[in-house]
Amino acid sequence: MELGSHFPAKLEPFVLMSKSAKGAAAAKLIQDATSAPGVYVFAELLEAPNVQELSNNEQHAQFYLLLKLFAYKTYQDYLQHKDKLPPLSAAQITKLKHLSLVSFAMERRILPYTDLLQALELSSIRELEDLIIDAIYLDVLRGKLDQKEQQFEVEYTMGRDVEPDKVGSLLQALEDWSSTTSSVLSALDSKLASLASQRVARKAQEEEHERILTENLMEVQEQKSEAKAVGKRSGVGRKERDDDRMDIDEPENSKGKSRNCLGPRLPLIQFPLNTAEVSAPDKLHLIYILLELAKYVPTTLSRALHLGGLRTALFNHLYARKLGGKWILRIEDTDATRAVPGAMDGIREMLHWAGLEYDFGPGKNGPHGSYFQSERLDLYHSYAKKLLDTGHAYRCFCSADELTTTRERLARSGLNSTYDKKCLNLTEEEVARRVRAGEKFIVRHNDSNLPHRTTPADLIFGHVRDAHASLPTDPVLLKSDQFPTYHLASVVDDHEMGITHVLRGEEWLPSLPLHLDLYASLAVEPPQFAHLPLLLNKDGSKMSKRNGDMQVADYMRRGWEPDAVLNWLALAGWGVYEHSHPTMAPFTTPSTPLASSLSRAAPDSTAIMSLSEMIERFDLSVLTHRRTVLDPSKLEYISKHHLVRLASTEDGLNTLAERAHSIVKEVFPDSDPRSRDLIQGRLINVNELPASAPYFFTEPEWSSTGAQTMLKHVPNSDYRNTLNSVIRWFDSETVKWDRVEIAGALHYQNDLSGIKSKVFMTALRHALTGMKSGPSVPELMHTMGLERSVSRLTRAEAKSSEWFNES
């Protein structure tokens, strides 16, 4: 159905009433029509004889001008002639602004926020966006809110009434358009014919190229066979040729790497990135190099995933997808004392709920499994042995009590050391004897024998201070149970799994010097690190997993939209570009799209983005260094707009309706909710539906304080007369049960009763809901249905004497 095609039907009740309305009644009818929900066209009412007569009536001419304003003009016209028009209600002002948006859209497709704010006298962007969203809901227009560019992109709009003197120019424009379209279609037909001819010629060229290529390949193969035969006759061994080839192809620092690794991790900027400028063999290297790996590692399996962990996983996902690479989920479960059964399944469930599908990890085997560290102990022991053999590590046999005594003694002496290196001086014979005797030992990193290394820049913080002083003396690498510490296991796994990027929380920055020392001690290249600034609670305190702050499961249980939560987390710390060091944009050259993004501003702090849009816009270089407060109110705003997006499509609306239906049935098992009708409102969270509108699913609480307060300014007689008149009307008349018909009938009964409109509608709202706020009364009755509405009004009328006697 075309946008706005149902609007004329909504005007029809007012056109019918205009046949008998004269003078003041006709003026009142105009006020009602311009205020009524869903009425956006007025030409038929404007042409009614009784309405036309108002133009010659000095007392009521202003109402005729008001109707012409709503039919043809804009809010700016109203401001210019405000003194000649009756005052507008809030509903009329909103409707006129909606109509103004349509008029603006007829002039240009892109509507800048700055122009709209000025033309509509709005004070904030949020107020403007809410106005536009309401217009979209009401089928006034369609388009896209672009927060980044601060503009509204119009797709199409309803049609407004056309002023009589503009019909001629409109017809001429249509004729011009028809002529232009015919010319374009003719040109397209010619172009299509030309393309078809070119396609036939190109196919013939490709077949000829394929034939020549096949012949060349066969010739090369024959030459290889001949060369091989000559080699055998000349006595050149296969091993020598293989060794020569490895000297050329394999970089020096790749020797000794695990066979599980994808291959040597060459710096990407050594390769040309503009595929239009490289030869075919180089393109193969480009495809290979772009298979970058990033990782997300829950530190332990002892706790549920919280928002900070989800944000880390999100940024790994965004960055890997941005580079066209992969990301892995690695489970670091080497501390059995802290593991909780089922925690790993909970982490996977939360990631799946959020739509963050890792490429390799538990349940998704890849080339580097297992992805559980507890199943890789032999690997860690082999690397620990390498460090022992090269003098970069040693065995320590000190007991826990001895270590405590030593640490306290050093502290009393005012030293920063935490260990006195007692076991470093043991002879090889003494170490071997104690190992054979079965004495327990740990393996320590020897920080007095560190190889020279540099400190690479962090992808977010830039150059960071190499704070060795903050590290414990000779950090432990293998514990007495022969399980590795996080430091050794993560370094070994990052190397063995071919990890090129590590995105992790800021809390790991103090450990970075130790990790870089281990990479240098093992003579392997470290990945690039990006440490994400911490998230803070609204009061500025540090978000803590130990205190159970912000667990993802809570957000899933409360019904928040996964895309909204990801959107909220992505914007936390997505600041402005502020880095200048050359490594801030890894693997980019001036010819790459990513390089050009470095000067691009970060998204607006309330930008609404889907996961695919986040991937497209993500840029590590615009993440702020500052810790970021997670504001729950921002999540509400973002969630509301995500629901609007979802409900704007038929499939999305059906999905939401099904969810709402099941939620309502849990709270009100005996109800039969019409969830689809209820969803199209201003919900922030689908789960809030039963609490925000319980009257749809159960009887009103007429005895509540709020319900009694509504009757404070409603006389008993007006209350009963209102309900009685509406009941009798619906009992005696055949009414088409839609919002427009209901609104027309209620206005008609209100006029007949002589009761103030506010009192009339308050009485009906009280009887139907017992709550002060909610949808309009016609919308309430339409959703409840005729039988239920009349039944509720009848019961309220019968009980009304009790309420007014009490008051």
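Contact means that heavy atoms come within 4.5 Å of each other. With that in hand, here are the close-ups. This is a predicted model, where local features need pLDDT of at least 70 and side-chain atom pairs count only at pLDDT 80 or more, while totals for chains, interfaces and linings use all residues. Residues are numbered from 1 along each chain as its sequence is written, and side-chain values use heavy atoms, with hydrogens and water left out.

**Figure 1. The whole chain, with its 33 helices and 12 strands.** Helices (H or I, at least four residues) and strands (E, at least two) are DSSP runs, numbered from the N terminus. Among contacts with a separation of 6 or more, 75% link residues 24 or more positions apart. Of the 807 residues in the chain, 46% are buried. Here, buried means under 20% relative accessible area, exposed means over 50%, and partly exposed is in between, using a 1.4 Å probe and protein chains only. The chain exposes about 41500 Å², and carbon and sulfur atoms supply 52% of that area. These areas come from the Shrake-Rupley method with a 1.4 Å probe, and for residues only the protein chains shown count as cover.

**Figure 2. The largest nonpolar core, with its 90 residues.** A nonpolar core is a set of buried Ala, Val, Leu, Ile, Met, Phe, Trp, Tyr and Cys residues joined through side-chain atoms within 4.5 Å. L307, L310 and L356 touch the most other members. Helix 13 (residues 307-322) gives this core its largest share, eight residues. A second, separate core has 59 residues, including A33, F42, F104 and L122. In soluble globular proteins, nonpolar side chains tend to be buried together. Now zoom in on L356: leaving out residues up to four places away in sequence, L356 touches L310, A313, L314, H317, W327, L351, L566 and L611.

**Figure 3. Helix 21 (residues 562-571), wrapped up by its surroundings.** Eight of the 10 residues of helix 21 are buried, so this helix is largely enclosed by the rest of the structure. Those buried residues are A564, V565, L566, N567, W568, L569, A570 and L571. What do they pack against? Their partners are helix 13, helix 14, strand 11 (535-536), helix 20 (552-557), helix 23 (611-617) and helix 24 (632-647). Just after helix 21, G573 takes a positive phi of about 95°.

**Figure 4. H98, a histidine in helix 7 (residues 90-107).** Is H98 buried or exposed? With 2% relative accessibility, H98 counts as buried. Its side chain reaches the backbone oxygen of L131 at 3.3 Å. That is a polar contact, a pair of N or O atoms within 3.5 Å; within protein, one must be able to donate a hydrogen and the other to accept it, and residues adjacent in sequence count only if both atoms are side-chain atoms. Setting aside neighbours within four places in sequence, H98 is in contact with Y40, L131, D134, A135, L138 and V140.

**Figure 5. An open sheet of three strands, in the order 6-7-8.** The pairing in this sheet is antiparallel, and two strands pair if DSSP finds at least two bridges between them. Strand 6 (393-396) and strand 8 are the edge strands, each pairing on one side only. Four bridges join strand 6 to strand 7, and A393 has H445 in strand 7 as its bridge partner.

**Figure 6. Strand 10 (residues 528-532), tucked inside.** Four of the five residues of strand 10 are buried, so this strand is largely enclosed by the rest of the structure. Strand 9 (residues 501-505) runs parallel to strand 10, and five bridges join the two. One of the pairs to look for is V502 with its bridge partner F529 in strand 10.

**Figure 7. Some backbone oddities in the loops.** Most residues other than glycine have a negative phi, and most peptide bonds are trans. The peptide bond from G369 to S370 is cis, with omega near 5°, and S370 is found in the loop between helix 14 (343-354) and helix 15 (377-389). E121 has a positive phi, near 55°, in the loop between helix 8 (113-119) and helix 9 (125-137). D474 also has a positive phi, near 45°, and lies in the loop between strand 7 (442-445) and strand 8 (476-478). D474 is buried, with a relative accessible area of 0%.
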